[in-house]
Amino acid sequence: MNPRAAVVGAGLAGASCARWLADAGWQVQVFDKARGPGGRLATRRMVWTTPDGQERVTWLDHGAADFGARGPAFQRALLRAQAEGWCRRWQPRPSSPLAELTPRWLGQAGMPDWCRGLLDGLNARWSCPVDTLGRGLHGWWLESGGQRVAEGLDAVVLALPPAQAAPLLAPWRPDWAGAAAAVPMLPCWTVMGVSSELAAEVPGGALACPPTGPLARVLRQDARPGREQRVGEAHWVLQATPTWSQLHLEEPPEVVLPALQAALAEWLGEPVLWRSAVAHRWRYAVPALPPAGASHWWDGELALGVCGDFLGGAQLPAGVEPVERAWSSARDLAGALQTSVVEVLA
């Protein structure tokens with residue numbers, strides 16, 4: 001009988017690990033608290049009403065809105081994802097401050113598309129936050145809201161932000177739990193919205209990084225490939241700096257939203273006539289420090305593993321971004337899990 005594993009978390013780390021295990025013959029179940037895959041590779045569905053009373057839906061990339069690829073293995077993986085229709089290249093204008101990181105990569109039509117493609121055909125359960133890991137004579141079991149959602153598992157993989165993984169790890173690996181809880185993560189307040197078209201073009205075109213003020217990145221969603229464009233509209237994603245986000249971390253969205261809207265207008269030098277906008281807080285956006293040490297955690301006796309962008313990997317090139325680090329961590333964990341557990345079950 002094929003071994004069984006649960007992967008908790010369906011961002012790129014979890015989706016990649018689940019796919020590698022499934023391709024190696026594992027029976028894999030995936031759990032995520034969100035309504036779909038992607039994690040911080042996120043695209044938000046925003047419903048709003050036009051001035052003439054028509055309801056509209058606009059999709060906005062409000063998490064990791066793009067990413068680069070440094071290592072040859074990750075570059076090959078992206079070329080495969082491109083061939084599958086999950087990802088696409090994007091070349092920002094040379095005037096962009098990120099020009100040295102080009103080419104950039106996007107999900108084909110939305111940022112979760114790569115994760116969605118990796119999970120195609122796998123058993124995934126959404127809106128299911130796992131809050132308890134248990135282990136007995138017949139393997140691991142998982143609970144959500146006091147209800148058992150999986151049991152008889154040969155292995156469990158946690159692909160979660162470290163603060164969310166820590167309480168699940170505490171009964172089994174308190175050392176890991178302590179290390180995960182101590183990982184500093186930077187927050188990011190993000191505004192998504194639609195406005196009337198501007199009188200002048202945005203500096204940098206689709207992507208700009210204001211040198212001062214609370215905004216770290218200004219993204220014109222509708223100027224990116226594969227995204228919706230409508231005459232007379234501008235589609236925005238505004239990402240605040242980590243410092244500003246931390247300072248205003250516990251502010252309500254209705255306070256953060258006008259503050260970042262005002263910052264955009266000040267930077268542009270002209271008013272922005274908003275038709276609809278919302279603010280979203282990423283409490284755990286990116287690791288505050290470059291991760292060091294092992295690329296993953298794996299306990300072969302417990303058959304318990306952890307992967308994610310908060311873990312290190314000395315074999316990775318300098319300047320590797322969190323998305324690539326998450327993928328590499330999942331690859332290494334999947335290899336360790338396959339080797340270890342198959343030896344035990346043989």
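Alanine 303 is buried, at a relative accessible area of 6%, where buried means under 20% relative accessible area, exposed over 50% and partly exposed in between (1.4 Å probe, protein chains only). Alanine 303 belongs to the loop between β17 (297–299) and β18 (304–306); strands (E, at least two residues) and helices (H or I, at least four) are DSSP runs, numbered from the N terminus. Although alanine 303 is a residue other than glycine, its phi is positive, near 60 degrees.

The model described here is predicted, so local features need pLDDT of at least 70 and side-chain atom pairs count only at pLDDT 80 or more, whereas totals for chains, interfaces and linings use all residues. Residues are numbered from 1 along each chain as its sequence is written, and side-chain values use heavy atoms, with hydrogens and water left out.

A second positive phi in a residue that is not a glycine occurs at serine 127, where the value is about 50 degrees. This serine 127 sits in the loop between β7 (123–125) and β8 (132–136). Its relative accessible area of 48% makes serine 127 partly exposed.

Alanine 303 also appears among the neighbours of valine 156, a residue of strand β11 (residues 155–158). Not counting residues up to four places away in sequence, valine 156 touches Ala6, Leu133, Trp140, Leu142, Ala303, Leu304 and Gly305, contact meaning heavy atoms within 4.5 Å. The C-alpha atoms of valine 156 and glycine 305 are 6.3 Å apart, with their positions 149 residues apart in sequence. Valine 156 is buried, with a relative accessible area of 0%.

Threonine 190, in strand β12 (residues 185–196), likewise counts as buried, at 0% relative accessibility. Neighbours within four places in sequence aside, threonine 190 contacts His62, Val237, Leu238, Gln239, Val278, Ala279, His280 and Trp282.

Arginine 227 lies in the loop between β14 (215–220) and β15 (233–240) and is buried, with a relative accessible area of 8%. Beyond its neighbours within four places in sequence, arginine 227 is in contact with Asp61, Arg88, Leu106, Gly107, Gln108, Ala109, Gly110, Met111 and Gln221. For arginine 227 and alanine 109, a separation of 118 residues in sequence corresponds to 6.3 Å in space, C-alpha to C-alpha.

The helices offer a further packing arrangement. Two packed helices are described by the angle and the distance between their axes. Helix α4 (residues 162–169) and helix α5 (residues 174–181) have axes that come within 8 Å and cross at roughly 160 degrees. That makes α4 roughly antiparallel to α5. Axes are lines fitted to C-alpha atoms, for helices over the stretch in contact, with angles running from 0 to 180 degrees between N-to-C directions; those under 35 degrees count as roughly parallel, over 145 as roughly antiparallel, 65 to 115 as roughly perpendicular and the rest as oblique. On the α4 side, Pro162, Ala163, Ala166 and Leu169 meet Pro174, Trp176, Ala177, Ala180 and Ala181 of α5. The residues of this contact divide into nine nonpolar, no polar and no charged.

Across the whole protein chain there are eight helices and 18 strands. Of its 346 residues, 53% count as buried. Among contacts between residues at least 6 apart in sequence, 66% join residues at least 24 apart. The C-alpha atoms fill a box of roughly 70 × 40 × 35 Å along the principal axes.

Notes. Ala, Val, Leu, Ile, Met, Phe, Trp, Tyr, Cys and Pro count as nonpolar, Asp, Glu, Lys and Arg as charged, and the others, Gly among them, as polar.
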